[in-house]
Amino acid sequence: MHIEPGIVDGAKIALSYATAGGAGAYALIMAGKHIKERGAGSMLLGTSVTTVLALAFFELLPHFPVGVSEVHLILGSTLFLLFGVAPAAFGLALGLLIQGMVLSPFDLPQYGMNLTTLLVPLFALQYVAGRTIAPQTPYTALRYRQAFTLSMTYQAGIVSWVGFWALYGEGFSAATVAGVATFGAAYLLVIVLEPLADLAVLAGAKAIDRLRDQMWLEPRLFSPA
């Protein structure tokens, strides 16, 4: 999902600052809501854990170049289900920033694009979860179909944003359109695998009952809304 250097440059890159700013503003609103409901300690601890996990997902899980970008197993829906939308958003943002500053400084100019690509689909996932998961259903009781819907929402959002940035930066050339299509097709594998990872993690959480009262975990994991 990384936007490669040079795809969007010059004056065009200004759009990424606007989209990232909008995503960041919504993340701050969600953080304020999280702190009001669950406390600052929960937000701080949850963000710390999700940052470490996000960085591990970026660097340690398999990723390979396909078409106009790279295919990553980011597990955004897993972070959302375990920790809630605000810690997941801040963890992804900080993990991406640390990766750029320490490991891939050539990615820093694309930070706004990459941040938008990660966060806007996460917020779409939050909306879909609210619309498709019944209030009385804890996340540990999700079925594969429900986890698949969340994963499809998140990954389809990533593919859409990567496609947008590529076409915005390079235009509708045959090579760019083919690269976007190839990248999108490769992400079908992620859409199949991510729900399995979600369900495995949720099953593990359900089996460890002592996690029920941990403030850094999403309360909806074990209890109805």
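## The aromatic stretch of helix 6

Trp165 is buried, since its relative accessibility comes out at 0%. Keep in mind that this is a predicted model. Trp165 shares helix 6 (residues 144-170) with Tyr168, and the two sit three residues apart, about one turn of the helix. Tyr168 is less hidden from view: at 25% relative accessibility, that residue counts as partly exposed.

A search of the whole structure turns up nine aromatic pairs. One of them is Trp165 with Tyr168: the ring centres are 6.1 Å apart and the planes meet at 70 degrees, so this is an edge-to-face pair. Ring pairs also tie Trp161, Phe164, Trp165 and Tyr168 together into a cluster. Tyr168 has a charged visitor as well, with Lys12 lying over the face of the ring at 5.4 Å from its centre.

## Two salt bridges

Side chains of opposite charge can pair when their charged atoms come close. Here the count comes to two salt bridges. One joins the side chains of Lys33 and Glu37, at 2.9 Å from N to O. Both residues belong to helix 1 (residues 14-38) and are four residues apart, about one turn of the helix. Lys33 is partly exposed, with 44% relative accessibility, while Glu37 is exposed at 55%.

The other salt bridge pairs Arg38 with Glu218, and their closest N and O atoms are 3.2 Å apart. This pair links distant parts of the chain: Arg38 is in helix 1, Glu218 is in the segment after helix 7 (174-207), and 180 residues separate them. Arg38 and Glu218 are both buried.

## Helix 3, under cover

Helix 3 (residues 76-83) is mostly covered, with eight of its eight residues buried. The run goes from Gly76, Ser77 and Thr78 through Leu79, Phe80, Leu81 and Leu82 to Phe83. Just past the end of helix 3 comes Gly84, which takes a positive phi of about 100 degrees.

## A nonpolar patch on the surface

Now for something on the outside. Leu94, Ile98, Met101, Val102, Leu103 and Leu108 make a nonpolar surface patch of about 530 Å². Ile98, one of these residues, lies in helix 4 (residues 85-103). How much of Ile98 is accessible? Its relative accessible area is 35%, so Ile98 is partly exposed. That value also lets Ile98 into the patch, because patch residues need over 30% relative accessible area.

Notes
Residues numbered from 1 in each chain as written. Predicted model: local features only at pLDDT ≥ 70, side-chain atom pairs only at ≥ 80, totals over all residues. Heavy atoms only, no water. Patch = residues over 30% accessible without salt bridge, like charges linked within 9 Å, V, L, I, M, F, W, Y side chains within 5 Å. Areas by Shrake-Rupley, 256 points an atom, 1.4 Å probe, with all protein chains shown as cover. Salt bridge = Lys/Arg side-chain N within 4 Å of Asp/Glu carboxyl O. Buried < 20%, exposed > 50% of the residue type's maximum accessible area, 1.4 Å probe, protein only. Phe/Tyr/Trp six-rings, centres within 6.5 Å; stacked < 30°, edge-to-face > 60°. Lys NZ or Arg CZ within 6 Å of the ring centre and 35° of its normal.
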